Amino acid sequence: MASTDRIIKMMPAAAKAAAISSVDVPSLVFHLALGIPAVETDNPEAAERITNAIAFKRRMIDAAGGALTAEKVRTLLGHKTIQAVYKAVKDRRLLMVEDNGTQLFPAFQFDGNAILPGIAKVLGATPNTTGWAVLQFLVSGDEGLDGTSPIALLKGSDAEVERLVRFARTLED
């Protein structure tokens, strides 16, 4: 409990407000994690690696336009159960990343109350690639795309999506 109190005291006010307004446990954990400013350990190298990993994941989620919880995705897509959301992940129709047991769904992959059709094509082309690696590719791009954003291609024409899928296949190499 003392650790929790210490973390809450270190959190910026905006992070506390977001955590308090969280509707469900994964959302609460996500917002608490965003508010943790540092990592404590006796090993400086380990602390730096952990801090860098946390910062990297935050940048990826920010670049993805944020992330939704499974419950928010269920509501958005009009599914009756959360299991339907996880089935879409298993079937490689929906991108999910996991962060310390919290399942997050990058926001860019939704168009209104539907999943962008191109996301299933990208995920289908990368069956053995982790969600974080796919997310990094989609937010960071590939030099072969000549500076074109993969997310923009994902929302583009069928030809643009197919171009993106060709580059996504290289993640499997």
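**Close-up 1. Helix 4 and helix 8 meet in a left-handed crossing.** In this predicted model, look for the place where the axes of helix 4 (residues 44–63) and helix 8 (residues 131–140) come within 10 Å, crossing at roughly 55°. The two helices are therefore oblique to each other. On the helix 4 side, the contact is made by F56, K57, M60, I61 and A63, while helix 8 brings W132, L135, Q136, V139 and S140. Sorted by character, the residues of this contact come to 7 nonpolar, 2 polar and 1 charged.

**Close-up 2. Three strands make an open sheet with antiparallel pairing.** Following the sheet across, you meet its 3 strands in the order 1-3-2. Strand 1 and strand 2 (97–99) stand at the edges with a single partner strand each, so one side of each has no neighbour in the sheet. Helix 8 packs on this sheet too, touching strand 2 and strand 3, and its direction makes about 115° with that of strand 2. As a reminder of what holds such an arrangement together, strands of a sheet pair through backbone hydrogen bonds.

**Close-up 3. Strand 2 and strand 3 form a hairpin.** Here 3 bridges join strand 2 to strand 3 (residues 102–106), and the two run antiparallel. To find your way along the pair, start at V97, whose bridge partner in strand 3 is L104. Then move to E98, which has Q103 of strand 3 as its bridge partner. At the turn, 2 residues lie between the strands, and N100 takes a positive phi near 50°.

**Close-up 4. Strand 3 is covered on both faces.** On one side sit T102, L104 and P106, on the other Q103 and F105, and all of them are buried. With 5 of its 5 residues buried, strand 3 is therefore largely enclosed by the rest of the structure. For the wider setting, 34% of the 173 residues of the protein count as buried.

**Close-up 5. Strand 1 pairs with strand 3.** The two strands run antiparallel and are joined by 2 bridges. L68 stands opposite F105 of strand 3. A67 also belongs to strand 1 (residues 67–68). Leaving aside residues up to four places away in sequence, A67 touches I61, L104, F105, P106 and A107. One of these, I61, also takes part in the contact of helix 4 with helix 8. A67 and Q103 are 36 residues apart in sequence, yet their C-alpha atoms are 9.4 Å apart in space. Across the protein, residues 24 or more positions apart account for 57% of the contacts with a separation of 6 or more.

**Close-up 6. Two loop residues, R92 and D146, have positive phi values without being glycine.** R92 is found in the loop between helix 6 (82–90) and strand 2, and its phi is near 60°. With 23% relative accessibility, R92 counts as partly exposed. D146 sits in the loop between helix 8 and helix 9 (150–154), with a phi of about 55°. D146 is exposed, at a relative accessible area of 66%. If you zoom back out from these loops, the secondary structure of the protein comes to 10 helices and 5 strands.

Key. Residues numbered from 1 in each chain as written. Predicted model: local features only at pLDDT ≥ 70, side-chain atom pairs only at ≥ 80, totals over all residues. Heavy atoms only, no water. Helix = DSSP H or I, 4+ residues; strand = E, 2+ residues; numbered from the N terminus. Contact = heavy atoms within 4.5 Å. Axes fitted to C-alpha atoms, helices over the stretch in contact; angles between N-to-C directions. Parallel < 35°, antiparallel > 145°, perpendicular 65-115°, else oblique. Left-handed = near helix turned anticlockwise from the far one by under 90°. Nonpolar A, V, L, I, M, F, W, Y, C, P; charged D, E, K, R; others polar. Pairing = 2+ DSSP bridges. Buried < 20%, exposed > 50% of the residue type's maximum accessible area, 1.4 Å probe, protein only.
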